[in-house]
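Visitor: I have not looked at this structure before. Could you take me through the terms used for it and the reasons behind them?

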Amino acid sequence: IIITRGVGEITLDPNMASGNNRIILAKTLPENPPEWYREGVHMIIPHVRRNSPQTLDPAIKSGNYLNNVMAMAEAKRRQAFDAIMLNEDGHITEATTSNIWIIKDRQIITPPLEVGILEGITRRKILHLARHEKWPVKEQKFGELDLKGADEVFLTSTTKKVVPIVQVDDQLIGDGKPGPLTHKISQLYHDFIEKVILNE
């Protein structure tokens with residue numbers, strides 16, 4: 001669903017437009033390649049940094065994706081699946097359309113909202129499910145070295161669900177294969193989705 005400020009003069013002044021336009025796009029969601037989940041994916045840390053929350057509030061779900069587009073373009077140039085963006089303080093934030101998680105010593109960690117990320121609904125649900133299972137999970141700042149030194153790394157999004165990350169730049173994550181706890185989290189989320197579908 002896209003809502004624009006409406007029709008009017010070409011200007012930055014939002015008061016010059018009237019009557020919001022509402023656009024709804026609907027299409028069949030394709031199946032993701034099974035190798036994403038079986039083999040994991042390769043990510044990069046791009047040169048472009050995540051927008052500061054003081055510049056553009058990440059809670060605003062807008063069409064202003066230029067920052068993310070630039071990061072994705074660099075990822076594709078480097079033959080990677082996607083990019084994991086740092087903020088201006090060097091903290092891991094998120095991928096271009098996904099939230100990022102690391103696992104270290106069986107601790108499940110994802111960046112807090114304050115580093116400048118969108119609160120993904122899949123992220124929120126996995127936090128809830130993991131806490132319900134009494135798994136050690138927390139929101140905590142971490143940097144590039146923590147990411148590359150993690151035992152397991154994965155991303156989450158509504159359309160991708162839980163995707164293992166097995167390499168960042170030239171660094172393999174763990175043994176370079178999807179990890180066992182990532183698999184358990186993926187299965188937990190899959191079971192939740194199946195339960196929702198059945199209840200409908």
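Guide: What follows covers three residues and two pockets of a predicted model.

Visitor: Why is Glu-94 called buried?

Guide: Buried means under 20% relative accessible area. Glu-94 has a relative accessible area of 5%, so Glu-94 counts as buried. This residue is found in strand E7.

Visitor: Which residues does Glu-94 touch, leaving aside those up to four places away in sequence?

Guide: With that limit, Glu-94 touches Arg-50, Ala-83, Ile-84, Met-85, Asn-99, Ile-100, Gly-116, Ile-117 and Leu-118.

Visitor: What makes the approach of the Glu-94 side chain to the backbone nitrogen of Leu-118 a polar contact?

Guide: The side chain of Glu-94 reaches that nitrogen of Leu-118 at 3.2 Å. A polar contact needs a pair of N or O atoms within 3.5 Å, one able to donate a hydrogen and the other to accept it. The value of 3.2 Å is within that cut-off.

Visitor: Is Gln-79 buried or exposed, and how do you know?

Guide: Exposed means over 50% relative accessible area, and Gln-79 has 72%, so Gln-79 is exposed. Gln-79 has its place in the loop between helix H2 (66–77) and strand E6 (82–86). Its phi is near 60°, a positive value in a residue other than glycine.

Visitor: Where is Asp-169, and is Asp-169 buried or exposed?

Guide: Asp-169 sits in the loop between E12 and strand E13 (171–172). Its relative accessibility is 12%, and the limit for buried is under 20%, so Asp-169 counts as buried. Phi of Asp-169 is near 55°, again a positive value in a residue other than glycine.

Visitor: What is the volume of the largest pocket, and which residues are closest to its centre?

Guide: The volume is about 1,100 Å³. Of the 36 residues lining the largest pocket, Lys-61, Ser-62, Tyr-65, Thr-97 and Leu-118 are the closest to its centre. Helix H3 gives the largest share of this lining, three residues. By kind, the lining divides into 13 nonpolar, 15 polar and eight charged residues.

Visitor: How many residues line the second largest pocket, and which lie nearest its centre?

Guide: It is lined by 16 residues, and Tyr-37, Lys-161, Val-162, Ser-186 and His-190 lie nearest the centre. The volume of the second largest pocket is about 460 Å³. Helix H5 (180–199) and strand E12 (161–168) each supply at least two residues of the lining, and H5 gives the most, with six.

Visitor: What makes Lys-161 count as charged?

Guide: Asp, Glu, Lys and Arg count as charged, so Lys-161 falls in that class. The lining of the second largest pocket holds two charged residues, with seven nonpolar and seven polar.

Technical notes: Residues numbered from 1 in each chain as written. Predicted model: local features only at pLDDT ≥ 70, side-chain atom pairs only at ≥ 80, totals over all residues. Heavy atoms only, no water. 1 Å grid on protein atoms, 1.4 Å probe; cavity = no way out; pocket = protein on both sides within 12 Å on 5 of 7 lines; lining within 4 Å. Points joined across faces, edges and corners; volume = space filled by probe spheres on them. Helix = DSSP H or I, 4+ residues; strand = E, 2+ residues; numbered from the N terminus. Buried < 20%, exposed > 50% of the residue type's maximum accessible area, 1.4 Å probe, protein only. Contact = heavy atoms within 4.5 Å.
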